[in-house]
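Student: I should like a close look at a single part of this structure, set out as one connected account. Please begin with the term needed for the opening contact and then work outwards.

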Amino acid sequence: VQLQASGGGSVQAGGSLRLSCSVSGRTLDREVLGWFRQAPGKEREFVGTVRWNSGAIVLGDAMRIRWTISRDNAKSTMYLQMNNLQPEDTAVYYCALDLNWSKDPRDYDYWGYGTQVTVSS
């Protein structure tokens, strides 16, 4: 299984970005795909998840109002639409995959390389 995150970049506060996570080497069904982020000097933080077959979405409390997760089954790709970005959202964003849902990044077996998001004030 390979996961590839993309779409990061530099934006000013209030701006938007859409991250993508494409999955290859596996036909997605019951899997949970998740987004996590890690800022310098901080632990990896839960952003949100989508259960592939049902489309059920869980977002972290700090993201729920501003962001959303979606998926494209035909492309085996998950998206993270981030609106109203703030400097505290600056981090490397990772996508991950597992069969079981969790907020703990240590529970996820498969990870992609991260994509950097930088938000300036």
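Tutor: A polar contact is a pair of N or O atoms within 3.5 Å; within protein, one atom must be able to donate a hydrogen and the other to accept it, and residues adjacent in sequence count only if both atoms are side-chain atoms. The model discussed here is a predicted one.

The account starts at Arg-26, in the loop between S3 and S4. Its side chain makes a polar contact of 2.7 Å with the side chain of Glu-31. Leaving out residues up to four places away in sequence, Arg-26 touches Val-1, Glu-31, Leu-97, Leu-99 and Tyr-110. Its relative accessibility is 27%, so Arg-26 counts as partly exposed, given that buried means under 20% and exposed over 50%.

From Arg-26 one may cross to Ser-76, which is 50 residues away in sequence but 9.0 Å away in space, C-alpha to C-alpha. Ser-76 belongs to the hairpin of S7 and S8, where four residues lie between the strands, and it takes a positive phi near 50°. The two strands of that hairpin, S7 and S8, are antiparallel and share six bridges. Within this pairing, Ser-70 stands opposite Tyr-79 of S8.

The hairpin is part of an open sheet of four strands, ordered S1-S3-S8-S7 and paired antiparallel. S1 and S7 each have a single partner strand and stand at the edges, so each has one side without a neighbour in the sheet. On average, neighbouring strands of this sheet are turned by 15° against each other, direction ignored. S1 meets S3 in the antiparallel sense through five bridges, and Ala-5 stands opposite Cys-21 in S3.

Strand S3 also holds Ser-20. With a relative accessible area of 17%, Ser-20 is buried because the cut-off for that class is under 20%. Apart from neighbours within four places in sequence, Ser-20 is in contact with Gln-4, Ala-5, Ser-6, Trp-35, Thr-77, Met-78 and Tyr-79.

In general, the side chains of a regular strand alternate between the two faces of the sheet. The next residue to consider is Cys-21, which a disulfide joins to Cys-95, with an S to S distance of 2.2 Å. The count for the model comes to one disulfide. The bond links distant parts of the chain, since Cys-21 is in strand S3 and Cys-95 in strand S9, 74 residues apart. Both cysteines, Cys-21 and Cys-95, are buried. The torsion about their S-S bond is about 75°, so the disulfide is right-handed.

Strand S9 leads on to the nonpolar interior. The largest nonpolar core has 28 residues, and those with the most contacts inside it are Leu-33, Trp-35, Trp-67, Met-78, Leu-80, Met-82 and Tyr-93. Among the elements that give two or more residues to this core are strands S1, S3, S7, S8 and S9. Apart from it lies another core, of five residues, including Phe-36, Phe-46, Ala-96 and Tyr-108.

Tyr-93 shows how widely one core residue can be connected: beyond residues up to four places away in sequence, it touches Ala-5, Leu-19, Phe-36, Arg-37, Val-47, Trp-67, Leu-80, Met-82, Gly-114, Thr-115 and Val-117. Ala-5, one of these contacts of Tyr-93, is also the residue opposite Cys-21, and it appears again among the contacts of Ser-20.

Conventions
Residues are numbered from 1 along each chain as its sequence is written. This is a predicted model: local features need pLDDT of at least 70, side-chain atom pairs count only at pLDDT 80 or more; totals for chains, interfaces and linings use all residues. Side-chain values use heavy atoms; hydrogens and water are left out. A nonpolar core is a set of buried Ala, Val, Leu, Ile, Met, Phe, Trp, Tyr and Cys residues joined through side-chain atoms within 4.5 Å. Buried means under 20% relative accessible area, exposed over 50%, partly exposed in between (1.4 Å probe, protein chains only). Contact means heavy atoms within 4.5 Å. Two strands pair if DSSP finds at least two bridges between them. A disulfide is a pair of cysteine sulfur atoms within 2.5 Å. Axes are lines fitted to C-alpha atoms, for helices over the stretch in contact, and angles run from 0 to 180 degrees between N-to-C directions.
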